[in-house]
Amino acid sequence: MNPKSEIQNSYPSQAAVFLDRDGVLNVEAGYIHNVTDLHLIPGVASAVRRLNDLGIFCCLVSNQSGPARGYYPIDHVEALHQRLCQLLQAEAGAYLNSLYYCPYLSPPEGGTNPEFSLWSTWRKPNTGMLVAAAWEHNLDLGQSFMVGDKATDVDMAHNAGCRGILVQTGFGRSVLSGAYQHHTQPDYIATDLAAAVVWICEQLGNL
Ligand SMILES: [Mg+2]
C-alpha cells in the first residue's frame, strides 16, 4: 500500500493559506540583491499571526528566478527567506509553516544559468508547488486559498482548485487596471493581506 494513503486515511486533510512573497508579504522591490532591502508590508505580520493563532497552515509559494537569470546564487534566496521569517517573528510572533519557491526559468523566458534554466512544473501559474505542499503536508487544495498580487497567482490557484485572492499591494493595482499581465477573475479582491485574511476567516467560519 502506498504509505501516503495510510497517512491520509488516518488524518483528515486541512485547508491551507498559500502566500505569494513579493508584493504580498514584503514590499515589491524587483530582484532584491541586499537582504536588508527586504521589508514587510505594514500589517502583514499581524495577519499571518492571526492565521497562526487559528491553526491554519500558512505556506509561502514564490517564483524566484534570480538564480536562473544569474543574478545571485540560490543561497541568497534562502537568506532572503530567513530575513522574511525573522521579520515576521520579530514584529508579531508570526511564522510560516512551510516555504516553497521555484528557482527555475526556461531559456526562452530568460534563464541563463544552466543549473536552473529549465521549464518547471513548479513555476507559476503551474501548480507544482501547491501539489508538492499538499502531498507533503496533507492539505486539501479544494478548501485552500492562494493570496497573490499577480494574475499568475490567481491562475495558479484556479489551476489547482484553490480560491484565488488578488491583493492590491505590489502589482495588484496594475493587474486590475489592465496595465500589467492579463485579465484574471479572482474570487476576492482585497486591499492587502490583512483584508484577505479577514475574508478567508469569514469563508472558514472563523470570524
Ligand atoms: Mg508577487
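# A tour from Ser-120 to the metal site and the cores

Select Ser-120 to begin: beyond its neighbours within four places in sequence, Ser-120 is in contact with Cys-102, Tyr-104 and Asn-126. The model is predicted. Ser-120 sits in the loop that runs between strand S3 (98–102) and helix H5 (128–137). Its relative accessible area is 9%, so Ser-120 counts as buried, the limit being under 20%. Show the side chain, and find it 2.9 Å from the backbone nitrogen of Trp-122.

Move on to helix H5 and select Glu-136. Is Glu-136 buried, partly exposed or exposed? Its relative accessibility is 47%, and Glu-136 therefore counts as partly exposed. Add Tyr-100: the side chains of Glu-136 and Tyr-100 are joined by a polar contact of 2.6 Å. For a sense of scale, add His-183, which is 47 residues from Glu-136 in sequence and 32 Å from it in space, C-alpha to C-alpha.

Next, select the magnesium ion. Which residues coordinate the magnesium ion? The donors are Asp-20 (OD), Asp-22 (O) and Asp-149 (OD), at 2.1 to 2.2 Å. Their spacing in sequence is D-x1-D-x126-D. Asp-22 and Asp-149 link distant parts of the chain, 127 residues apart: Asp-22 lies in the loop between strand S1 (16–19) and helix H2 (44–53), and Asp-149 in the loop between strand S4 (145–148) and helix H6 (151–159). Both Asp-22 and Asp-149 are buried.

Now colour the largest nonpolar core, which has 33 residues. The members that touch the most others are Leu-19, Val-48, Leu-88, Val-147 and Leu-193. Two or more residues each come from S1, H2, strand S2 (57–63), helix H4 (74–92), S4, S5 and H8. H8 gives the most, with six residues. Centre on Leu-19: setting aside residues up to four places away in sequence, it touches residues including Leu-25, Val-48, Leu-60, Leu-96, Val-147 and Leu-193. A separate core of 19 residues lies apart from this one, and among its members are Ala-16, Val-61, Cys-102 and Ala-132.

Finish at helix H8 (residues 193–203), where Leu-193, Ala-196, Val-197, Trp-199, Ile-200 and Cys-201 are buried. In an α-helix there are 3.6 residues a turn, so residues three or four places apart point the same way. Show what covers the buried residues of H8: the cover includes S1, H2, S4, strand S5 (163–167) and strand S6 (188–190). Just past the end of H8, select Gly-205, which takes a positive phi of about 70°.

Key: Residues numbered from 1 in each chain as written. Predicted model: local features only at pLDDT ≥ 70, side-chain atom pairs only at ≥ 80, totals over all residues. Heavy atoms only, no water. Helix = DSSP H or I, 4+ residues; strand = E, 2+ residues; numbered from the N terminus. Buried < 20%, exposed > 50% of the residue type's maximum accessible area, 1.4 Å probe, protein only. Polar contact = N/O pair within 3.5 Å; in protein donor to acceptor, adjacent residues only side chain to side chain. Contact = heavy atoms within 4.5 Å. Donors = N, O, S within 2.8 Å, 3.2 Å for Na, K, Ca; no water. Core = buried A, V, L, I, M, F, W, Y, C linked by side-chain atoms within 4.5 Å.
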